[in-house]
Amino acid sequence: CPRRSPATTSRPGRAPPWPAPPHCPRPCPATPVLTCSSFVLPSITVVTWNVGTAMPPNDVTSLLHLNTGETNDVDMIAIGLQEVNSKINKRLKDALFTDQWSELFMDVLSPFHFILVSTVRMQGVILLVFAKYYHLPFLQDIQTDCTRTGLGGYWGNKGGVSIRLSIFGHMVCFLNCHLPAHLEKAEQRKEDFATILHMQQFEGPVANGILDHDLVFWFGDLNFRIESLDICFVKYAIESNVLSQLWEKDQLNIAKSTWPVLRGFQEGPLNFPPTFKFDVGTNKYDSSAKKRKPAWTDRILWKIKPPSKGLGVGGHRPSQGVLSVSQLCYCSHMEYTVSDHKPVAAIFAVQFSSKVDKPLVEIYVADEWSRPEQAVVRYKMAVGFHRSSWDWIGLYRVGFRHPKDYVSYVWARSDDGERCLEKQLCAQVMFSEEALPKGNGEYILGYYSNTSSSIAGVTEPFQISLPRSEEGSSSTDSSGSSSEEDDSTLVLLAPKSRSPSPGKMKRHRSRSPSLAKFQGLIPRPSSRDRGTSRSPSPQSRCSLPRNIPTIHLPQEELGHHGVKGKELGQAAESPEDSPFYQPVQEQGGPRRVSADSPLARADPRNLGLLPALRLDMIDQALGRRQESVGQGYYACRRRSPTSPPGCSTSPKEGCSP
């Protein structure tokens, strides 16, 4: 089978991410290894912006340094926002849909092949990390955490959110903070930062604390002010462009040399005007009665872990001597006036001492799919890869926005999957004809690992050229029937579940990622509330009860929807069975049902979040099942034959439905 992977096409100035392996049926070692030669990740862009509850602007391309010469060299972008509107009416909307700021950045970055890797939100503090799609297999061990410091740790208007991940085998942490305001609160900012560093802990054998990572980027509205100097002199220095006279009185510059907690943190020169406080809609400093003194409140710093005597991954010492960071740019963007803060951006060139040489999963596919029988996918898993029955392979259009933004998918389940993993052979799956997009276009295949909640392997773009079905033909009728809802159950699942739950896609599918729904309605547990818990994902800490009742529907309702007893019996087989479904003719029209569904009796505790749930689906479900709700059962229905059954947990369990 012809290979279509990122190794096939070399990009100018960039070595292929991994060498092409032998022909797929032949066993060969595929263990991810660390190459000892130094490796330069061309650049990482970090942006911080206190948006002051404002609506997003129409264009952020200049803020992200897009449409410029350096765009082709940017590999990752981390965006930290503070004071995103989190009033109750806005939080209700953001709980049901992705917030407008995240949507804006995904819309702007997806044409440049940036994919949302991870995101975390704590009230008005948001952190997003994007990466080019061909780097996704090398971004693993992704975890998030948050710490509230407002009102003594009980309110999330102040605090820090973090995303940590392994980048080519090196542990990197992005930390976005919003610290207490006002000139006299310097000691409080010190204590809050120390609390964030102490409370945020991650799972795994390495890098459990923030400062344990090989590289830490710390940024946000840190709220440090300019001491001693009066407002007239500060404004004179700004207008005269003698900013260096203000540096020695900057609280953060003073703290870096006196506070032990900041030892090792570095920052570029402040060659841009102070970014706070402006009259909204202008570039004029505060003219209100308060007349706040201008200050560099919005900052970006980094810290490299000191050389370690111990051995790292693969027996190497990744942070010893060779890991280095160069700041290529550090600037503010005066053109944005929607907030009283100006956004700040920095671009870094990072040189790692080594890199992971192979992806966890290598995918083989033909150069073009012009007939349905060509939609065969072969994949090979690396030794030590933690395979799951809930892994799946997604088909993405070029320019997709996040891992759940697929066109269609197939479960990565093979009868001889374990044998292929053990003997390093290729497993094989096939997309059904109904799941394939019609017409011409470029697509990418990605292997989604449920264990790591990340994409473990991708291909280069390939062509799909399938004829469109004629209107009124039987194939059109069949495909149209597959988009109808299966009203037998309504899935209402706990947030941040670990299962992908990729459901059957609708014609007008929500473009929002499968983030935790209703997360804004539930107080997030702070790090100090969790005690000994070491889970990095605050939303996943609400455990489901073990005594989850089985969801039963009245017999007449089952009959109304055409669910036969024998079909339910067939659906209760092993998760390793075939993931393909065939349309069958029922009374009232054709409907897709499962012949060998592994999900009918699946334990709801092991299942996960569906793609974004539409409100009209909830209204229809509740209207049809008032009688069932009255009998004490939770009304449920499945979005598609491939969506696993779920459950709604009790409010006192801390999980929203």
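Both faces of strand β8 are covered in this predicted model. On one side sit H170, V172, F174, N176 and H178, on the other M171, C173, L175 and C177, and all of them are buried. That pattern makes sense in light of a general rule: in a regular strand the side chains alternate between the two faces of the sheet. With 9 of the 9 residues of β8 (residues 170-178) buried, the strand is largely enclosed by the rest of the structure.

Now let's look at the neighbours of β8 in the sheet. Strand β7 (residues 155-167) runs antiparallel to β8, and 9 bridges join the two. If you would like a place to start tracing this pairing, take R164, whose bridge partner in β8 is C173. The hairpin of β7 and β8 has 2 residues between the strands, and within this hairpin F168 takes a positive phi near 55 degrees. Strand β9 (residues 215-221), in contrast, runs parallel to β8 and is joined to it by 7 bridges. Here N176 stands opposite F219 in β9. To get from β8 to β9, the chain passes through helix α3 (residues 186-199), and the resulting β-α-β crossover is right-handed.

F174 of β8 leads us on to the packing. The largest nonpolar core has 64 residues, and M76, F174 and F217 touch the most other members. Strand β12 (residues 344-352) gives the most to this core, with 5 residues. Where does the core lie relative to domain 1 and domain 2? Domain 1 (43-307 + 321-351) and domain 2 (361-415 + 423-466) both give residues to it, so the core lies between them. For a closer view, centre on M76: leaving aside residues up to four places away in sequence, M76 touches L41, S43, I44, T45, F114, V129, F130, A131, L139, L165, I167 and F174. Apart from this core lies another, of 28 residues, with W369, V377, Y443 and Y447 among them.

Aromatic rings deserve a stop of their own, as a search of the whole structure finds 26 aromatic pairs. One of them joins W49 and W101, whose ring centres are 5.4 Å apart and whose planes meet at 80 degrees, so the pair is edge-to-face. Because W49 lies in strand β2 (residues 39-50) and W101 in helix α2 (residues 100-109), the pair ties together parts that are 52 residues apart in sequence. Both W49 and W101 are buried. W390 and W411 also form an edge-to-face pair, at 5.5 Å centre to centre and 75 degrees between the planes. W390 comes from the loop between β16 (376-381) and β17 (392-397) and W411 from strand β18 (residues 408-411), so this pair links parts 21 residues apart in sequence. W390 and W411 are buried too, and they belong to one aromatic cluster together with W392, Y406, Y409 and Y448.

Finally, a few backbone details are worth a look. Most residues other than glycine have a negative phi, and most peptide bonds are trans. D141, in strand β6 (residues 139-150), has a positive phi near 55 degrees. Is D141 buried, partly exposed or exposed? At 30% relative accessibility, D141 counts as partly exposed. L151, in the loop between β6 and β7, has a positive phi of about 50 degrees, and its 69% relative accessibility makes L151 exposed. A cis peptide bond joins F276 and K277, with omega about 5 degrees; K277 sits in the loop between α6 (251-258) and β10 (298-304).

How values were computed: Residues are numbered from 1 along each chain as its sequence is written. This is a predicted model: local features need pLDDT of at least 70, side-chain atom pairs count only at pLDDT 80 or more; totals for chains, interfaces and linings use all residues. Side-chain values use heavy atoms; hydrogens and water are left out. A nonpolar core is a set of buried Ala, Val, Leu, Ile, Met, Phe, Trp, Tyr and Cys residues joined through side-chain atoms within 4.5 Å. Buried means under 20% relative accessible area, exposed over 50%, partly exposed in between (1.4 Å probe, protein chains only). Helices (H or I, at least four residues) and strands (E, at least two) are DSSP runs, numbered from the N terminus. Domain bounds come from an automatic or database domain assignment. Contact means heavy atoms within 4.5 Å. Two strands pair if DSSP finds at least two bridges between them. A crossover is right-handed if, with the strands pointing away from the viewer, the path from the first strand over the helix to the second runs clockwise. Rings of Phe, Tyr and Trp (its six-membered ring) pair if their centres lie within 6.5 Å; planes under 30 degrees apart count as stacked, over 60 as edge-to-face and the rest as tilted.
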